[in-house]
Structure formats: structure tokens, C-alpha cells
Amino acid sequence: MTKTTTTETQAPTVLSQTTLLLMATACGLCAGANYFNQPLLNSMVQHLHISDAQASSTVTMAQVSYGLGLLFLVPLGDMLERRRLVLTLMLLAACGMLLSGISGLAGSFALLAAGTLMAGVFSVAAQVLVPMAATFAAPGTSGRAVGLVMSGLLVGILASRSVAGILSDLGGWSTVYWVGAVATALMALLLARALPKAAPTSMVSYGEVMKSLGVLLRQHPRLRSRALIGGTGFATVSVLFSSMALLLAGPGFELSDLMIGLIGIVGIAGALMANVAGRMADKGLEQHTTLAGAILMLLGWLCLWLGGSSIWWFMLGLLVVDGALQALHISNQNVIYALAPEARSRINAVYMTTYFVGASIGSALGSWAWLQHGWNGTSLMGGILGLISLSMVLWDRRLLAAQAR
């Protein structure tokens with residue numbers, strides 16, 4: 001599936017379209033594993049005899065552990081042979097999913113928590129695969145290669161909720177973890193044959209790599225502002241992710257895991273905003289796209305608040321907030337990658353860590369708001385975080401104006 005030569009430095013390996021599609025699928029599996037639990041919370045409560053708070057905490061666990069993996073494992077891509085690193089991370093993520101599957105048989109929340117944490121930490125293999133796509137792309141096609149792999153990651157995140165709901169309806173809530181573990185392990189075996197060896201980009205120590213993350217954060221104010229835009233934006237959406245299953249399965253709607261999962265398909269349409277945002281960025285309009293995304297996020301939460309008693313308003317709100325998040329995320333990446341092209345991998349680690357730390361905070365706040373004040377409180381929390389995200393956008397605009405002066 002790859003085209004190799006005797007000396008990688010003279011004629012680099014070029015990835016075939018088939019290999020890129022495998023990488024995109026692998027990214028979708030890895031990233032999606034952290035979202036399997038979101039439509040299944042009500043079933044976990046009933047089967048494991050746990051509280052709503054305990055079930056919702058698995059959403060936070062997945063986000064926190066993924067953030068830790070981004071910070072402490074992704075930088076290893078600059079130090080270690082990347083193919084071996086990817087395969088190791090994927091197999092360990094599969095083991096985490098296996099533990100979550102076993103928890104369903106054992107009726108153990110502790111095993112579910114352990115499996116969620118393990119899968120979350122090691123599923124960052126996706127963030128090692130994305131830079132590899134750019135490294136081994138044919139000349140002049142790195143943007144398309146990265147776009148294809150990133151699309152797999154994005155669709156995996158959005159489709160995972162729907163797949164989880166469907167599999168839960170067919171064989172119980174733990175079925176998705178059994179299927180995910182097998183699929184991830186098989187994908188690792190396929191990638192072992194398809195991926196070329198990728199030597200470390202620099203011979204530096206782990207301590208030096210980690211220290212450079214702080215240096216980049218201090219040197220680039222707009223890395224800080226854009227990371228906070230991403231973090232607060234994802235926090236806003238995570239309020240929804242941590243509570244939507246509890247709302248839709250509750251007395252007002254009484255939907256099954258299957259129906260909740262199918263509603264999640266609406267969010268895939270929001271992914272189309274990624275292509276729009278990318279084209280806007282190419283035209284130098286990423287600032288306008290970012291502001292539009294922040295405003296749409298607030299409008300989306302207004303729709304979601306109305307969705308507390310109307311499934312149609314809920315689906316419209318879901319579509320709008322997913323699209324708004326993609327507008328923010330793609331615009332952020334366009335800005336930060338231009339700050340220091342020679343350090344994109346480390347800049348990505350800083351940005352994505354903040355992104356998922358924000359997600360974990362949003363999940364925790366969403367669960368608290370739901371337990372204390374129901375859907376009205378959850379909607380208010382989403383709106384407050386949306387206003388904070390908008391304030392970060394306005395701060396970034398001031399930073400850009402100051403640089404221009």
C-alpha cells in the first residue's frame with residue numbers, strides 16, 4: 001500500500017490513497033471510542049445500578065484522560081519511531097475498550113471507569129497519525145492528505161454516538177465496546193502492513209520536548225487566545241454531550257438508546273461547516289468565521305433550551321452547535337499552524353490539550369447543572385460558557401489588531 005525506496009532521505013515514502021483511507025478510519029475509531037458512552041448513560045444507570053452522576057462522570061473521565069494523553073504521549077512522536085508508537089497506542093486503547101466491555105458482564109462500574117480512562121489515554125494515536133499524513137504525502141498534496149485523515153477523525157467522533165445507540169439496541173450497551181476493541185485491534189494489524197517506518201524528527205530528550213511546549217505558549221499570545229477559544233468552545237458543546245442522553249431518555253421524550261444514537265446523526269451534517277471554514281480561511285477570512293462560530297454557538301443553545309420540550313428544536317440546536325464548533329476549530333488550526341511552521345506538532349499538542357481540558361470541564365459542569373437544575377440549568381450553563389467563548393474571540397481580535405499596529 002505504500003511506495004518505498006532504499007533510502008528514505010533521498011526519495012521519501014509516498015502514502016497511497018488506500019493507506020490514507022486506513023489512517024482516516026483508524027483516527028475515527030480511536031477518537032470515536034471516547035464518545036461511545038454518551039448515548040448510553042441511561043442504560044448504564046439501570047444495568048450497573050449507579051447514579052446519574054456516576055454515569056455522567058464517564059464522559060468527564062474520557063475527556064480528561066484523552067487530554068492527558070495529548071499532553072504526555074503525543075510529543076513522543078518527535079522522539080520515537082512513529083509507526084511503532086501508533087500501533088502500541090492503538091492496541092492499548094483496544095485493551096481499554098475490552099475492559100469496558102467486560103464491565104457489562106461483571107456489572108462493575110470500577111471496571112467501566114478503568115476501561116474508559118485507559119481507552120481515553122491511548123486513543124491519542126489519532127493525533128500521531130495526522131502529522132504522519134503530512135510527512136508522507138505526495139509533493140503538493142499534504143493539505144488534502146491531512147484533510148482526508150482529519151475528516152475520518154471528525155466523522156468518527158460524530159458517528160460514534162449513533163453507532164453506539166444502534167449496537168446497544170441490538171445487543172446491550174456494552175456491545176459497542178466489544179465491537180470497538182476488535183475493530184481497533186484489527187485496524188492496528190492492517191496499519192502494521194501499510195504504514196512506513198517514520199524515524200524521529202529530532203533527537204531530543206522527553207524533558208526538552210515537554211519544556212518547549214511552555215516556551216511556545218509564552219512566545220505566542222495568539223496560541224494562548226486560540227487555545228482558549230477552542231477549549232471554551234468545546235466546553236460549551238460538552239455540556240450538551242454529558243446530558244443529552246439523560247434528557248432524551250427521560251419522562252419528556254422516553255427515547256431508546258437507538259433513537260438517541262440516530263438523533264446524533266444530525267451532528268454529522270454540522271461537520272460540513274469544516275469545509276466552509278477551511279475555504280473561508282484560505283480567503284483570509286478566519287476572523288469573520290471565528291466570530292460567526294461564537295455567535296452561532298449562542299443561538300444554538302437558545303434552540304436547545306427550547307428543545308427541552310420539542311425534539312425538532314433540539315435537533316436544530318444540535319446541528320447548529322456542532323457546526324459552530326467546527327467553525328471555531330478549523331479557524332483556530334489555520335491560525336496556530338502559521339505561528340511557527342517548524343513546530344506544528346508541538347503547537348498542536350498545546351492546542352489540543354487545552355481543547356480537551358475544556359471538554360472535560362464542560363462535561364463536569366454539564367453534569368452538575370443537569371443534576372441541580374435540570375435542562376433549564378443545563379441550557380443556562382451552555383449559554384454562559386458560550387459567552388465566555390465569545391469573549392475569548394474578542395480578545396483574540398484585539399491581539400491581532402495590536403500586532404497590526
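**Met 203**

I started at Met 203, which sits in the loop between helix 8 (175-194) and helix 9. A reminder to myself before going on: this is a predicted model. I looked up the accessibility of Met 203 and got a relative accessible area of 75%, so the residue is exposed. Then I looked along the chain for a partner and noted Met 79, which is 124 residues apart from Met 203 in sequence, with 6.3 Å between the two C-alpha atoms.

**The whole protein**

Next I stepped back for the overall numbers. I counted 17 helices and two strands. Of the 405 residues, 56% count as buried. I also checked how contacts are spread along the chain: among those with a separation of 6 or more, 81% join residues 24 or more positions apart. The exposed surface comes to about 16,300 Å², and carbon and sulfur atoms supply 68% of it.

**Helix 9 against helix 10**

From Met 203 I moved on to helix 9 (residues 206-219) and its packing with helix 10 (residues 221-241). I read an angle of about 95° and axes 5 Å apart. With 65 to 115 degrees counting as roughly perpendicular, the two helices are therefore roughly perpendicular to each other. On the helix 9 side I listed Leu 216, Leu 217, Arg 218 and Gln 219; across from them, in helix 10, are Pro 221, Leu 223 and Arg 224. I sorted the residues of this contact into four nonpolar, one polar and two charged.

**Helix 3 against helix 17**

I then turned to helix 3 (residues 52-72) and helix 17 (residues 344-404), whose axes come within 8 Å and cross at roughly 170°. That value is over 145, so I put helix 3 down as roughly antiparallel to helix 17. Helix 3 brings residues including Val 59, Val 64, Tyr 66, Leu 70 and Leu 71 to the contact, while helix 17 brings, among them, Met 352, Phe 356, Trp 370 and Leu 371. My tally for this contact is 13 nonpolar, eight polar and one charged.

**Ile 166**

Which residues does Ile 166 touch, leaving out those up to four places away in sequence? I found Leu 258 and Leu 262. Ile 166 itself belongs to helix 7 (residues 142-171), and at 33% relative accessibility it counts as partly exposed. Its C-alpha is 7.6 Å from that of Leu 262, a residue 96 positions away in sequence.

**Cysteines**

How many disulfides does the structure hold? I found zero. Cys 30 is in none, and the nearest cysteine sulfur, that of Cys 27, is 6.8 Å away. A disulfide needs the sulfur atoms within 2.5 Å. I also noted that Cys 30 counts as buried, at 1% relative accessibility. Cys 303 is buried too, with a relative accessible area of 11%.

**Positive phi**

My last stop was backbone angles. Most residues other than glycine have a negative phi, so I wrote down the exceptions I came across. His 49 has a phi near 55°; the residue is in the loop between helix 2 (41-48) and helix 3, and is exposed at a relative accessible area of 70%. Glu 254 also has a positive phi, near 55°. I placed Glu 254 in the loop between helix 11 (244-249) and helix 12 (257-263), where it is exposed, with a relative accessible area of 62%.

Conventions. Residues numbered from 1 in each chain as written. Predicted model: local features only at pLDDT ≥ 70, side-chain atom pairs only at ≥ 80, totals over all residues. Heavy atoms only, no water. Axes fitted to C-alpha atoms, helices over the stretch in contact; angles between N-to-C directions. Helix = DSSP H or I, 4+ residues; strand = E, 2+ residues; numbered from the N terminus. Parallel < 35°, antiparallel > 145°, perpendicular 65-115°, else oblique. Contact = heavy atoms within 4.5 Å. Nonpolar A, V, L, I, M, F, W, Y, C, P; charged D, E, K, R; others polar. Buried < 20%, exposed > 50% of the residue type's maximum accessible area, 1.4 Å probe, protein only. Areas by Shrake-Rupley, 256 points an atom, 1.4 Å probe, with all protein chains shown as cover.
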